[in-house]
Amino acid sequence: MNIVILLGAPGSGKGTVAGFLAAGDGSLKHVSSGDLLRGAVAQGTDAGREAKAYMESGRLVPDALIATMIKDVVAATTGDETMLLDGFPRNLAQAKILDGMGAPLKKAVLIDVPDSIIQDRIAGRRTCPQCKAGYHVKNLPPKREGVCDKCGAQLVVRKDDNPETVADRLKIYHAETEPLIEYYRSRGLLATVDGTTGVENVAVAFKSAIA
Ligand code: AMP
């Protein structure tokens, strides 16, 4: 098993691209820290109860809480799989925790999208609460409005996708997550893809970056 980290602002398309690639390739496993946390909140576990208020206000949950979840997934992943790790690490402390897990890092891929595009992307984002598929009202609409193509559930707007919370999440991204770009660049692990070219083109560029 090895790990590819997806770096990029909220709304840069990390989940969309990872989901797209993993759907067509059994050797790729998409692991989203946000989906793990939303699952814990929905199930009402202790971790979910602790995480809920942080998530709704767009702040990062405590490092130890999310790191424990990621550790469990890493421990359960074996064989030839490549884990597409989406949303973790989010700061330097988490990057060091990940280093300490001993799982080999193959690459960190930055999906580069300017802030000016992010607000519009998140405003149109719709998510399937059941199978986690992501859509956008203009850029990636479902076949039937408001209904998931894959599982038929009603699509929802994430609570933390309102404009004020998005602005806070972007600030946190620039302050806490962006330093990871240099962290992985200095170790020769960074690749950057242009995230504004459409899902399929981004996926092709991403795949060649990790080949
Ligand atoms: P995402 O789906 O990646 O946008 O994450 C949604 C929310 O989950 C974030 O705004 C944070 O509150 C929380 N979250 C996800 N991943 C992490 C992480 N690695 N560290 C701390 N909080 C996280």
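How do the residues of the shell around the ligand divide into nonpolar, polar and charged? The split is six nonpolar, four polar and six charged, with Ala, Val, Leu, Ile, Met, Phe, Trp, Tyr, Cys and Pro taken as nonpolar, Asp, Glu, Lys and Arg as charged, and the others, Gly among them, as polar. The model is a predicted one, with pLDDT of at least 70 required for local features and 80 or more for side-chain atom pairs, while totals for chains, interfaces and linings use all residues. Numbering starts from 1 along each chain as its sequence is written, and side-chain values rest on heavy atoms, leaving out hydrogens and water.

Helix 2 (residues 33–43) supplies the largest share of that shell, four residues; helices here are DSSP runs of H or I with at least four residues, strands runs of E with at least two, numbered from the N terminus. As for polar contacts (pairs of N or O atoms within 3.5 Å), a backbone N or O atom of arginine 59 sits 2.5 Å from a ligand oxygen, and one of glycine 87 is 2.8 Å from a ligand nitrogen. Arginine 158 joins in through its side chain, with an N or O atom 3.1 Å from an oxygen of the ligand. The protein covers 96% of the 480 Å² of accessible area that the ligand has on its own (Shrake-Rupley method, 1.4 Å probe).

Turning to the sheet, five strands form an open arrangement in the order 2-3-1-4-7, paired in parallel; pairing takes at least two DSSP bridges between two strands. Strand 2 (28–32) and strand 7 (190–194) are the edges, each pairing on one side only. Strand 1 (residues 2–7) and strand 4 (residues 105–112) are joined by five bridges, and isoleucine 3 has leucine 105 as its bridge partner in strand 4.

Technical notes
Polar contact = N/O pair within 3.5 Å; in protein donor to acceptor, adjacent residues only side chain to side chain.
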